[in-house]
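Reader: Hi! I have a new model open and would love a quick tour. Could you walk me through it?

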Amino acid sequence: MMIYSSKLYSLFSKYLYIFERKKLKEKIKIDKNVDAILFGYNRIGFGILKSLKQIKEKYLVVDFNPDTIASLTKLRIPCVYGDADDDALLRELPLKNLKIVISTVPDLDTNELLIETIKTENPNVIVTVRAHTIDDAMQLYKKGADYVLTPHFLGGEYLAEMIAKIKTDKDGYKQEKEKHVKMLTERFERG
């Protein structure tokens, strides 16, 4: 069941509504005037959202975790509860006007669907998705992804660049540590 969980979910998802929280299932009006959509907020999406704010793009977060949506709502962050591979939700989103779409969802099938659906509606939009393996990343590039985030590989590259830049300078690592602790603390406080 674990191996085929995505396929099983696709088969049974329409019957699982009885387990969803009723309050979040209500019809939500989606702002059609957004430039960016972030699918998946937790962990990776936290930093990405900060960047979207910095470049002053109007954004919307789509997340499947009701607790995440509740937290984002308290912070007045525009968000919608939903699943990235829900065709009905995708039809509600303002895909034609977008400049950039970022998916932190690690599922290959979901990201392929997002690329296909979004690029069909808006061929000029930048679509960034996430992959765990090199094979998945290459497949997503073939599908039309503008960039594929591979966290494990990028983490290693970041550390390698840091070592090449700082070398064995203890103060350099202290500065990097302080930046990292600050980011982790901020992230922890947000939940």
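Author: Happy to! Let me begin at a loop: Arg-76 sits between α4 (66-74) and β3 (79-81). Keep in mind that this is a predicted model.

Reader: Okay, Arg-76 then. Is Arg-76 buried or exposed?

Author: Arg-76 is exposed, because its relative accessible area is 76% and the cut-off for exposed is over 50%.

Reader: And what is phi of Arg-76 near?

Author: Phi of Arg-76 is near 60 degrees, which is a positive value in a residue other than glycine. Lys-167 also has a positive phi, of about 60 degrees, although it is not a glycine.

Reader: Nice. Where does Lys-167 lie?

Author: Lys-167 is in the loop between α8 and α9. With 55% relative accessibility, Lys-167 counts as exposed.

Reader: Since you bring up those helices, how do the axes of α8 and α9 cross?

Author: The axes of α8 (residues 151-166) and α9 (residues 170-190) come within 9 Å and cross at roughly 145 degrees. The crossing is right-handed.

Reader: Which residues of α8 and α9 meet there?

Author: From α8 you have Tyr-158, Met-162, Ile-163 and Ile-166, and they meet Gly-172, Tyr-173 and Glu-176 of α9. By type, the residues of this contact divide into 5 nonpolar, 1 polar and 1 charged.

Reader: Let me zoom out. How many helices and strands are there in the chain?

Author: The chain has 9 helices and 6 strands. Of its 191 residues, 36% are buried.

Reader: And what about contacts between residues at least 6 apart in sequence?

Author: Among those contacts, 55% join residues at least 24 apart.

Reader: What does the accessible surface of the chain come to?

Author: About 12,900 Å², and 58% of that belongs to carbon and sulfur atoms.

Reader: Let's go inside. Which residues touch the most other members of the largest nonpolar core?

Author: That core has 26 residues, and Ile-37, Phe-39, Leu-60, Leu-93, Ile-118 and Leu-140 touch the most other members.

Reader: Which elements each supply at least two residues of this core?

Author: They are β1 (36-39), β2 (59-63), α5 (87-92), α6, β5 and α7 (134-143). Helix α6 gives the most, with 4 residues.

Reader: I'm looking at Leu-93 now. What does Leu-93 touch, beyond residues up to four places away in sequence?

Author: Setting those neighbours aside, Leu-93 touches Ile-30, Lys-32, Ile-37, Phe-39, Leu-60 and Val-62. There is also a second, separate core of 14 residues, which includes Tyr-41, Leu-52, Tyr-59 and Leu-72.

Reader: Why would nonpolar side chains be buried together?

Author: In soluble globular proteins, that is a general tendency of nonpolar side chains.

Reader: Fair enough. Now for some polar and charged ones: where is Asn-111 found, and is it buried or exposed?

Author: Asn-111 is found in helix α6, and at 0% relative accessibility it counts as buried. Leaving aside neighbours within four places in sequence, Asn-111 is in contact with Ser-103, Val-105, Pro-106, Val-129, Arg-130 and Leu-140.

Reader: Ooh, 0%. What about Glu-116, in the helix or in a loop?

Author: Glu-116 is found in helix α6, but Glu-116 is exposed, with a relative accessible area of 51%. Its C-alpha atom and that of Gly-144 are separated by 7.8 Å, with the two residues 28 apart along the chain.

Reader: And the loop that lies between α6 and β5?

Author: Asn-122 lies there, with α6 spanning 108-121 and β5 spanning 126-130. Asn-122 counts as buried, at 7% relative accessibility. Not counting residues up to four places away in sequence, Asn-122 touches Leu-95, Lys-96, Asn-97 and Leu-98.

Reader: Last one: is Asp-63 buried or exposed?

Author: Asp-63, found in strand β2, is buried because its relative accessible area is 8% and the cut-off for buried is under 20%.

Reader: What does Asp-63 touch, apart from residues up to four places away in sequence?

Author: Its contacts there are Gly-40, Tyr-41, Asn-42, Thr-68, Ile-69, Val-80, Tyr-81 and Gly-82. The C-alpha atoms of Asp-63 and Val-80 are separated by 6.6 Å, and these residues are 17 apart along the chain.

Reader: Lovely, thanks for the tour!

Definitions and conventions: Residues numbered from 1 in each chain as written. Predicted model: local features only at pLDDT ≥ 70, side-chain atom pairs only at ≥ 80, totals over all residues. Heavy atoms only, no water. Buried < 20%, exposed > 50% of the residue type's maximum accessible area, 1.4 Å probe, protein only. Contact = heavy atoms within 4.5 Å. Axes fitted to C-alpha atoms, helices over the stretch in contact; angles between N-to-C directions. Left-handed = near helix turned anticlockwise from the far one by under 90°. Nonpolar A, V, L, I, M, F, W, Y, C, P; charged D, E, K, R; others polar. Core = buried A, V, L, I, M, F, W, Y, C linked by side-chain atoms within 4.5 Å. Areas by Shrake-Rupley, 256 points an atom, 1.4 Å probe, with all protein chains shown as cover.
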